[in-house]
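Colleague: Could you take one part of this model and go through it closely, from the pairing of its strands to the helix that packs on them and the charged side chains between them? I would like one connected account, with the cut-offs behind each term.

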Amino acid sequence: MQYKATSPEDYISQVPEERQATLKKLRKTVKDNLPKGFEEGIQYGMIGYFVPHSTYPDGYHCTPSEPLPFMSFASQKNSVNLYHSGIYAVPEIHDWFVSEYPKHSKRKLDMGKSCIRFKNMDDIPFDLIGELCKKLTVNEWIAIYEKNVKK
């Protein structure tokens, strides 16, 4: 679902009421665990965390006017989706997450390349997401991004 939000608070206020507490908790989990240097805002219609232009002036190669994205989350029709670029770009992080997930949730992992879909709001593994947030610093993410983009 597309929301026309101007801030994370605005985004959360627009989602169905039964999801608002979950999104607030997810936002707090990310903000409490993401290394310093990432900024929060609305990016691509979602609550996003990115490397600001003040740190990485080149921005995102597809759209240089956009800051370099790192992770985001969104309320979709049938799920809450978490997107994490490190899961896609770093095989060790992907493998770690896939192996740790069953220790934190009874549900089957529903995952794409960088997207983790949570259909049951009561089964979101907030502790595991917190650990995932800590896996890459801003400088590590920039180095990985540049290595993969400039191939």
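Modeller: E40 stands opposite Y49 in β2, where strands are DSSP runs of E with at least two residues and helices are runs of H or I with at least four, both numbered from the N terminus. This is a predicted model, in which local features need pLDDT of at least 70 and side-chain atom pairs count only at pLDDT 80 or more, while totals for chains, interfaces and linings use all residues. Residues are numbered from 1 along each chain as its sequence is written, and side-chain values use heavy atoms, with hydrogens and water left out.

β1 and β2 pair in the antiparallel sense over five bridges; for two strands to pair, DSSP has to find at least two bridges between them. The wider arrangement is an open sheet of five strands, with antiparallel pairing and the order β1-β2-β3-β4-β5. β1 and β5 (115-118) stand at the edges with a single partner strand each, so one side of each has no neighbour in the sheet. From one strand to the next, the twist averages 25 degrees. Helix α2 packs on this sheet and touches β1, β2, β3 and β4, its direction making about 160 degrees with that of β3. Such angles run from 0 to 180 degrees between N-to-C directions, the axes being lines fitted to C-alpha atoms, for helices over the stretch in contact.

As for the helix itself, the 17 residues of α2 should span 24 Å at 1.5 Å a residue, and its end C-alpha atoms are 25 Å apart, which agrees; the expected span is 1.5 Å times one less than the number of residues. Among the buried residues of α2 are R19, L23, L26, R27 and V30, buried meaning under 20% relative accessible area, exposed over 50% and partly exposed in between (1.4 Å probe, protein chains only). What covers the buried residues of this helix includes α1 (8-14), β1 (39-43), β2 (46-51), β3 (68-75), β4 (80-84) and α5 (126-133). T22 is one example: this residue lies in α2 (residues 17-33) and counts as buried at 12% relative accessibility. Leaving aside neighbours within four places in sequence, T22 is in contact (heavy atoms within 4.5 Å) with M121, I124 and F126.

Returning to E40, the charged side chains deserve their own look. Side chains of opposite charge can pair when their charged atoms come close. The structure holds eight salt bridges, each a side-chain nitrogen of Lys or Arg within 4 Å of a carboxyl oxygen of Asp or Glu. E40 forms one with R27, the closest N and O atoms being 2.8 Å apart. E40 lies in strand β1 and R27 in helix α2, so this pair ties together parts that are 13 residues apart in sequence. R27 counts as buried at 13% relative accessibility, whereas E40 is partly exposed at 27%. E40 also forms a salt bridge with K31, with 3.8 Å between the closest N and O atoms, and K31 is partly exposed at 47%.

For a pair within one helix, E100 and K103 meet in a salt bridge at 2.9 Å, N to O. These two residues are three apart in helix α4 (residues 91-104), and are therefore separated by about one helical turn. E100 counts as buried at 16% relative accessibility, while K103 is exposed at 60%. By contrast with a lone pair, salt bridges that share partners join E9, R27, K31 and E40 into one network.
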